[in-house]
Amino acid sequence: MKTLATLLLILLAVSAIADDTTIDTNFDLRIRQEILDGVFHFAPDTDRNWLRTRSRFGVVIENGEHQLSARLCNEFRNNLDSDGAFNEDEVIFDQLYYKWKNKKTELTIGRQDIIWPGGFLMLEGHPLDGSRSMYHNAIRLQQGGLDMAMISNPMYDDFVLYNDQNLRLTDMDEIGFVSRFTHKRHQFSLIWKDEDDMSEVIEELSSASCGYRYKSKTFLMEATAQFQDGNIEQNWEFAGHVNYKVKLNKKTRAEFGGFHYSEGYRSPWGKWPMWSELYIYTLIGESNDGRVNVAEWANITSPFVTLKYKLNKKCSARLTAYQLLTDKPNLQLRGTLTQAELKFKIGKGTTSHLLWERLDPGKFHEDSIDEPVHFVRWQFSHAI
């Protein structure tokens with residue numbers, strides 16, 4: 001990655017002074033306060049209260065069919081609990097890529113975001129850095145309805161500009177090949193991924209995930225079958241979700257659906273808070289093989305219902321309730337998860353939200369928790 005990054009930086013500098021070149025800059029700031037009341041995998045004395053400030057600055061240079069992009073990123077944290085600790089974090093390249101494009105084809109080489117619709121299979125490149133960034137180191141080709149990429153995501157970032165803390169980004173070194181084909185409302189996908197821990201603390205695993213997605217105006221269905229080949233055994237796992245939307249009136253909409261992840265399922269690159277900001281931290285306590293297990297959606301089944309209400313042009317509200325169950329053993333009750341959220345559009349490029357989640361624990365968690373736990377977050381973001 002260091003060699004590729006150095007080459008891209010040289011190209012960036014050269015192209016900036018070439019003829020017929022346009023240079024654009026971008027900047028965004030995101031401020032969050034998050035309060036975790038007893039959520040952190042239900043261990044004793046685990047309340048968290050921190051302020052997270054992420055800033056990103058990017059440069060995009062274009063010349064005809066060629067584009068070079070670089071973006072710096074930093075997210076520092078202030079712990080507002082009793083210790084008051086401050087973590088200045090690293091300064092990293094959040095994006096650093098070359099892109100060639102014409103009317104039908106795009107070829108992107110380097111550090112980039114790869115997000116498939118909905119993010120069920122493909123979004124988060126390294127879930128262990130706390131949503132600071134989500135990039136993949138990849139070569140990606142997009143042409144018509146075809147989208148494919150070769151990916152290499154190491155456990156540690158080998159190109160940090162400042163304050164290299166050896167921050168762990170993934171559980172293991174990851175390489176993979178992803179592809180999807182979209183035709184009208186249908187999407188077919190195939191993901192091969194190999195995870196290897198060079199220290200041999202965690203068992204090596206290869207997986208092949210074959211997926212199908214259908215989306216209409218009111219209905220969404222997505223499912224994947226996954227074959228796993230580990231050092232010890234081979235097995236099949238499954239995951240999927242459905243969603244049906246109903247318009248109640250001009251301002252109100254209801255959604256009904258559910259999701260399912262089998263006990264041993266390993267999401268290829270869907271380890272992010274797709275369903276809950278609260279529950280991803282509880283999952284840490286379910287790992288016993290050396291993995292961090294944050295946002296490791298597995299052994300979870302849940303129906304849900306959502307109500308969305310548009311208060312005005314700049315403010316909307318959401319209420320969601322999940323009945324969380326286990327896949328094994330015997331559909332034990334994980335608990336009832338409820339969410340309330342307000343979203344605000346303050347101005348051009350400026351948004352905010354307030355989120356509250358509550359988990360009433362079920363039988364599955366009875367040995368570690370017997371009272372409701374809470375997650376609260378407010379966020380302000382601005383982009384120019």
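In this predicted model, Tyr261 has a relative accessibility of 2% and therefore counts as buried, the limit being under 20%. Its aromatic partner Trp297 is likewise assigned to the buried class, at 2% relative accessibility. A pair of aromatic rings is described by the distance of the centres and the angle of the planes. For Tyr261 and Trp297, the ring centres are 6.3 Å apart and the planes meet at 25°, so the pair is stacked; the cut-off for stacking is under 30 degrees.

It is worth following the two residues back to their places in the chain. Tyr261 belongs to strand 15 (residues 252-261), while Trp297 sits in the loop that runs between helix 2 (279-282) and strand 16 (300-312), so the pair ties together parts 36 residues apart in sequence. Both residues also take part in one aromatic cluster, whose other members are Phe120, Phe259, Tyr265, Trp275, Phe304 and Tyr322. Across the structure, 14 aromatic pairs are found.

Turning to the protein as a whole, the secondary structure consists of 20 strands and two helices. The radius of gyration is 22 Å, which agrees with the value near 21 Å for a compact globule of 384 residues. Along the principal axes, the C-alpha atoms occupy a box of roughly 65 × 50 × 50 Å. Of the 384 residues, 46% count as buried, and among contacts with a separation of 6 or more, 56% join residues 24 or more positions apart.

At the surface, the accessible area comes to about 19000 Å², with 59% belonging to carbon and sulfur atoms. As for charge, there are 53 negative and 45 positive side chains, and the centres of these two sets lie 14 Å apart.

Technical notes. Residues numbered from 1 in each chain as written. Predicted model: local features only at pLDDT ≥ 70, side-chain atom pairs only at ≥ 80, totals over all residues. Heavy atoms only, no water. Helix = DSSP H or I, 4+ residues; strand = E, 2+ residues; numbered from the N terminus. Rg over C-alpha atoms; globule rule 2.2 N^0.38 Å. Buried < 20%, exposed > 50% of the residue type's maximum accessible area, 1.4 Å probe, protein only. Contact = heavy atoms within 4.5 Å. Areas by Shrake-Rupley, 256 points an atom, 1.4 Å probe, with all protein chains shown as cover. Lys, Arg positive; Asp, Glu negative; His and termini not counted. Charge placed at Lys NZ, Arg CZ, Asp CG, Glu CD. Phe/Tyr/Trp six-rings, centres within 6.5 Å; stacked < 30°, edge-to-face > 60°.
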